[in-house]
Amino acid sequence: MNSAIVEYLDKLDNQWKEIDRLSELAKKNQHDTELYNSLCRAATVLCVSHLEGFYKDAVKYFISDLNSIKFKYLPKAMKRVFCQGFVGFDNSKEANEKVERLIAEFESHDKFSLNEKFFLPEKNKTPKPSVLETVCSSLGTKDLFNSLDGTIFDNIFSMTPKEISRSVYLLNKKVKKKMSNFPCNVDGYIFKKITEQKPSHQNGEKSKRRTLWEDFLDDLNTKRHDIAHGNNFDNNSSHDWIIISKDKCRILQLVCILIIATNSYIEPKSEI
């Protein structure tokens with residue numbers, strides 16, 4: 001069957017054109033400093049806005065696809081979150097027993113309808129790494145950024161702007177092809193570690209090292225926060241930086257879709 005995610009991927013293509021237009025307009029008006037700065041600041045805020053909309057819409061479209069399969073084929077994390085939506089998110093022994101009984105009940109008859117609100121934060125939240133990890137975890141993907149750390153996707157941070165743009169085009173094409181039929185089985189080899197990343201040590205104890213993708217999101221969210229909350233009225237971005245950041249955001253979106261698809265469908269399927 002056709003996948004709702006493919007429809008969403010087409011929407012993503014159009015959504016990011018807004019940033020392209022702002023960057024191009026800024027480029028043409030470099031002679032007008034005030035206009036240039038305003039356009040770059042606006043584009044910075046909108047980049048974050050698009051990422052926030054992404055995790056909300058991605059859940060919506062994934063849920064649409066997953067409602068068409070049998071409950072037993074959902075990842076355990078999704079089953080738990082769905083059932084906790086009925087009995088509460090208390091982690092007590094009694095609550096866990098209720099959740100397990102509900103899971104068994106839904107698996108027995110497959111009469112269910114996933115509700116996207118169970119898989120999203122209760123309040124609107126900026127797309128910080130912790131927020132994206134929580135959303136992905138509810139869909140069956142744990143440790144999102146650790147899963148990306150040391151993979152081929154880290155190479156984005158050493159590429160030229162043209163190489164990054166080319167990577168967006170190729171990955172977008174690849175993801176659309178893989179998502180074209182549902183359910184699908186994505187080859188997990190794409191997330192193989194190509195470099196070994198060791199945790200740092202502080203006072204003799206291991207500490208969690210921020211990954212390249214987490215650092216990127218931290219920087220982008222900080223820029224947006226300073227502009228949106230009036231902490232900084234200067235422009236610390238350029239039209240070139242806007243496009244590079246937009247393309248990195250797109251890579252992250254596509255990778256998230258791939259890795260969620262890898263972990264969301266348990267039913268054995270032949271690889272595409």
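Here are two short exercises on a predicted model, each with a worked solution. Residues are numbered from 1 along each chain as its sequence is written, side-chain values use heavy atoms with hydrogens and water left out, and local features need pLDDT of at least 70, side-chain atom pairs count only at pLDDT 80 or more, while totals for chains, interfaces and linings use all residues.

**Exercise 1.** Work out where Ser3 sits and which backbone atoms its side chain meets.

*Solution.*
- Start with the place: Ser3 is in the segment before α1 (4–15).
- Next, check burial (buried means under 20% relative accessible area, exposed over 50%, partly exposed in between, with a 1.4 Å probe and protein chains only). Ser3 comes out buried, at 8%.
- Now look at its polar side-chain atoms: one lies 3.1 Å from the backbone nitrogen of Ile5, and one lies 3.5 Å from the backbone oxygen of Met179.
- Finally, skip neighbours within four places in sequence: Ser3 still touches Asp65, Met179, Ser180 and Phe182 (contact means heavy atoms within 4.5 Å).

**Exercise 2.** Trace the ring pairs that involve Phe86.

*Solution.*
- Take the rule for Phe, Tyr and Trp (its six-membered ring): centres within 6.5 Å make a pair, with planes under 30 degrees apart stacked, over 60 edge-to-face and the rest tilted.
- Phe82 and Phe86 sit 4 residues apart in helix α4 (residues 76–87). Their rings pair edge-to-face, 5.1 Å centre to centre and 90° between the planes.
- Compare accessibility: Phe82 is buried at 1%, whereas Phe86 is exposed at 51%.
- Phe86 also pairs with Phe118, and with centres 5.8 Å apart and planes at 75°, this is edge-to-face too.

How values were computed
Helices (H or I, at least four residues) and strands (E, at least two) are DSSP runs, numbered from the N terminus. A polar contact is a pair of N or O atoms within 3.5 Å; within protein, one must be able to donate a hydrogen and the other to accept it, and residues adjacent in sequence count only if both atoms are side-chain atoms.
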